[in-house]
Amino acid sequence: MGWFVIRGYAILVYLFMFLPVAVVVLLSFNASQFGSFPMTGFSFRWFVELAQNEAILRAFRTSIVLGLLTALISTTLGVLASLALVRYRVPGANVVSTLLIAPILVPEVVLAVALLLFLNVLGINKSFALLLFGHVIFTLPFVILVVQARLVSIRRDVEEAAMSLGASPMQTFFQITLPLMLPAVLAGGLFAFTISFDDITGTLFWKPGGVETVPTQIFAMLRNSISPEINALGTVMIVMTVGLPLLGAAIARQLSKKSG
Amino acid sequence: MSSVTLRNVVKRFHKFTAVHKTSIEIPDGAFVTLLGPSGCGKTTNLRMIAGLLDPSEGEILIGGKRVNDVPIHKRNLGIVFQNYALFPHKTVAENVAFGLKYRDVPKSEIAGRVQKALDLVQLPHVGERYPKALSGGQQQRIALARAIVIEPDVLLLDEPLSALDANLREDMRVELKRIQDQIGVTTVFVTHDQSEALAMSDSIVVMSAGRVEQMGAPEEVYNNPASEFVANFLGASNMLPAACTATGAEGATLDVAPFGSVAVPAEKAQRLSGPGPAQLVLRAEKLAVLPEAEAPPGLLTAPARVETVDYQGQTVRYFLRLGDRQLQAINMIDERPFEQGAPVRIGFRPKDASALPTETK
């Protein structure tokens with residue numbers, strides 16, 4: 001009886017969480033102009049309109065470029081920071097580590113306002129570079145956490161063996177260390193991309209005028225009316241932000257199956 | 001191949017001194033073991049030779065050339081680690097070939113040399129497999145093949161047998177020695193296992209607390225320990241307080257209660273400077289346990305009582321009560337051991353004993 005209640009309760013929680021998402025996905029295929037039940041027919045109409053909406057396409061391009069650059073920079077910095085913290089004796093390593101992880105703990109609004117104010121004081125204007133900078137700051141902790149965990153599990157003597165066989169520290173990194181931590185590096189990069197791709201809080205503060213990412217574009221559209229296009233856009237977003245990490249996890253599993 | 005020399009080497013970590021001023025000479029082609037308990041500095045020495053640690057003071061020479069400032073990847077060493085340290089993402093053949101890539105070995109030659117190395121460690125058919133598909137013993141052989149295929153000047157072995165099962169360990173011990181004999185490379189072997197050290201080495205360096213206690217051939221270190229530490233680390237020894245009454249060319253005379261006067265041969269009493277307090281060192285294997293009534297000629301004997309019997313089949317280890325001291329004896333037996341509590345006679349030949357000055361602590 002007790003288990004029955006718990007199970008039922010758990011199902012209700014999941015329904016509460018995912019039902020709205022399911023509704024969005026369902027309604028994105030609704031033929032009617034008005035996003036409400038009952039559905040009047042199945043149609044890809046809203047996806048087609050989405051693909052013809054210049055503003056949304058522009059926002060998509062911006063988001064993807066921003067996401068890719070964020071992932072690239074965060075991963076590079078994250079790998080370097082992890083190497084320094086795990087492999088070398090850095091003075092104040094604990095403080096540095098905490099500071100690098102801190103953006104996760106600080107509410108994003110606070111972080112967003114702080115960076116904005118800071119740059120105002122310096123007299124720097126909002127720009128795409130600033131937006132990118134902000135995204136790197138709060139995706140970096142995720143990369144570092146993932147990569148550091150993996151790096152700790154790579155035995156030091158494997159690298160020492162490579163060096164004793166004649167590989168320079170640089171060659172050792174590219175031949176041994178990097179391949180061994182590649183699954184974590186890819187996972188970190190993917191994290192960075194998806195977090196950047198659907199971020200709105202920081203982006204609203206940092207984006208320069210006229211630049212829209214997909215989330216801010218949706219936000220702007222919602223202010224006017226709830227168009228069925230938004231449902232379609234939502235569906236595309238869900239596919240990207242859920243599908244990409246799943247794909248990444250599958251690739252990582254495949255890679256680590258080989259090396260163990 | 002090259003000799004290795006440590007000249008007045010000191011290694012400090014912050015305030016802790018891991019290796020006190022140490023000089024070790026390892027001749028070309030020799031198999032030298034650094035033996036000692038964990039924390040004695042043996043691995044620190046090995047890592048300094050390897051270039052994984054920088055000495056705080058002193059010089060390290062390989063083949064007569066100072067290598068203090070030569071980084072590890074330019075020292076041309078083969079290292080075998082305790083936990084194999086194979087590259088898990090590379091096949092066995094790629095693992096073995098790794099060092100050849102950095103040595104201008106023509107591509108056409110690599111496959112042949114890898115195969116030769118795999119033949120040498122008697123695993124000719126595993127080249128295509130990944131390390132995790134091999135057993136621990138096989139992985140360690142691959143690690144050895146990877147280290148010797150580059151024809152290193154010096155082979156460094158860091159407790160390579162410790163991660164293996166007891167039976168396998170003994171097989172690998174014989175195997176390792178065979179391969180070392182075959183290629184004749186100067187080898188530095190680090191272990192805490194005295195039987196490995198005795199079985200494999202041309203020369204043993206016994207270390208304790210960052211200092212060299214004794215350096216010498218296995219028989220020398222075993223039969224004529226230079227200190228109480230060495231006497232007890234290599235097997236069990238009994239230390240009996242004694243009074244040295246005379247030293248001379250024929251040896252030293254020690255008064256040991258209750259055995260009486262013991263004439264210790266000169267080469268085993270050379271650490272005594274003259275008459276005075278001393279210790280008689282008696283290996284457990286050299287102390288015979290006899291029936292109470294027996295007193296064979298040539299043996300110095302005393303009555304004792306068996307306290308504990310540790311029966312091991314072919315041999316037996318007795319803990320004996322002699323006055324207020326406990327002694328150990330390890331004897332071969334062919335029937336049944338003495339019973340616990342039995343009165344017995346213990347005895348030894350004077351030439352089996354050695355003498356040390358009393359250690360002040």
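1. In this predicted model, a good place to start is chain B, where 5 strands form an open sheet in the order β15-β19-β16-β17-β18, and the pairing between them is antiparallel. Two of these strands, β15 (288-291) and β18 (325-332) of chain B, stand at the edges with a single partner strand each, so one side of each is left without a neighbour in the sheet. When direction is ignored, neighbouring strands of this sheet are turned by 45° against each other on average. As a general point to keep in mind while looking at the sheet, the side chains of a regular strand alternate between the two faces.

2. Strand β16 of chain B, which covers residues 300-311, deserves a closer look, for its pairing can be followed on two sides. With strand β19 (residues 343-348) of chain B, β16 pairs in the antiparallel sense over 6 bridges, and within that pairing L300(B) has F348(B) in β19(B) as its bridge partner. With strand β17 (residues 315-322) of chain B, β16(B) is joined by 6 bridges, and these two strands run antiparallel. Here the reader can find T308(B) standing opposite F319(B) of β17(B).

3. The strand order can then be followed onward from β17(B), which pairs with β18(B) in the antiparallel sense over 8 bridges. The residue F319(B), already met as the one opposite T308(B), also stands opposite Q328(B) in β18(B), and it is therefore a convenient residue from which to trace the pairing on both sides.

4. Which residues take a positive phi in the hairpins of this sheet? In the hairpin of β16(B) and β17(B), where 3 residues lie between the strands, G313(B) takes a positive phi near 90°. In the hairpin of β17(B) and β18(B), where 2 residues lie between the strands, G323(B) takes a positive phi near 60°.5. Chain A has 11 helices and 0 strands, and from the N terminus on its elements accordingly read α-α-α-α-α-α-α-α-α-α-α. Taken along the principal axes, the C-alpha atoms of chain A fill a box of roughly 70 × 60 × 40 Å.

6. One helix pair in chain A is worth examining in detail. Helix α4 (residues 93-105) and helix α6 (residues 128-153) of chain A pack at an angle of about 115°, with their axes 8 Å apart, and α4(A) passes α6(A) in a left-handed crossing. On the side of α4(A), the residues that take part are L100(A), I101(A), P103(A) and I104(A), and these meet I137(A), F138(A), L140(A), P141(A), I144(A) and L145(A) in α6(A). By class, this contact has 10 nonpolar residues, with no polar and no charged ones.

7. A helix pair in chain B can be read in the same manner. Helix α2 (residues 92-101) and helix α4 (residues 136-148) of chain B pack at an angle of about 30°, with their axes 7 Å apart. Because of that angle, α2(B) counts as roughly parallel to α4(B), and α2(B) passes α4(B) in a right-handed crossing. The residues V92(B), N95(B), V96(B), F98(B) and G99(B) of α2(B) meet I142(B), A145(B) and R146(B) of α4(B), and the residues of this contact divide into 5 nonpolar, 2 polar and 1 charged.

8. How is each chain divided into domains? Chain A is divided into domain 1 (1-43) and domain 2 (53-259), and the C-alpha centres of these two domains of chain A lie 31 Å apart. Between them, 8 residues of domain 1 of chain A are in contact with 7 residues of domain 2 of chain A, and the side of domain 1 that touches domain 2 has, by class, 4 nonpolar, 4 polar and no charged residues. Chain B, for its part, is divided into domain 1 (4-223) and domain 2 (236-357), and the C-alpha centres of domain 1 and domain 2 of chain B lie 38 Å apart.

9. The last point concerns the meeting of the two chains, where 18 residues of chain A are in contact with 18 residues of chain B. On the side of chain A that touches chain B, the elements that give two or more residues are α7 (156-164), α8 (169-197) and α11 (228-259) of chain A, and α7(A) gives the most, with 7 residues. The residues on this side of chain A divide into 9 nonpolar, 5 polar and 4 charged.

Technical notes
Residues numbered from 1 in each chain as written. Chains lettered and ligands numbered in written order. Predicted model: local features only at pLDDT ≥ 70, side-chain atom pairs only at ≥ 80, totals over all residues. Pairing = 2+ DSSP bridges. Helix = DSSP H or I, 4+ residues; strand = E, 2+ residues; numbered from the N terminus. Axes fitted to C-alpha atoms, helices over the stretch in contact; angles between N-to-C directions. Left-handed = near helix turned anticlockwise from the far one by under 90°. Nonpolar A, V, L, I, M, F, W, Y, C, P; charged D, E, K, R; others polar. Parallel < 35°, antiparallel > 145°, perpendicular 65-115°, else oblique. Domains from an automatic or database assignment.
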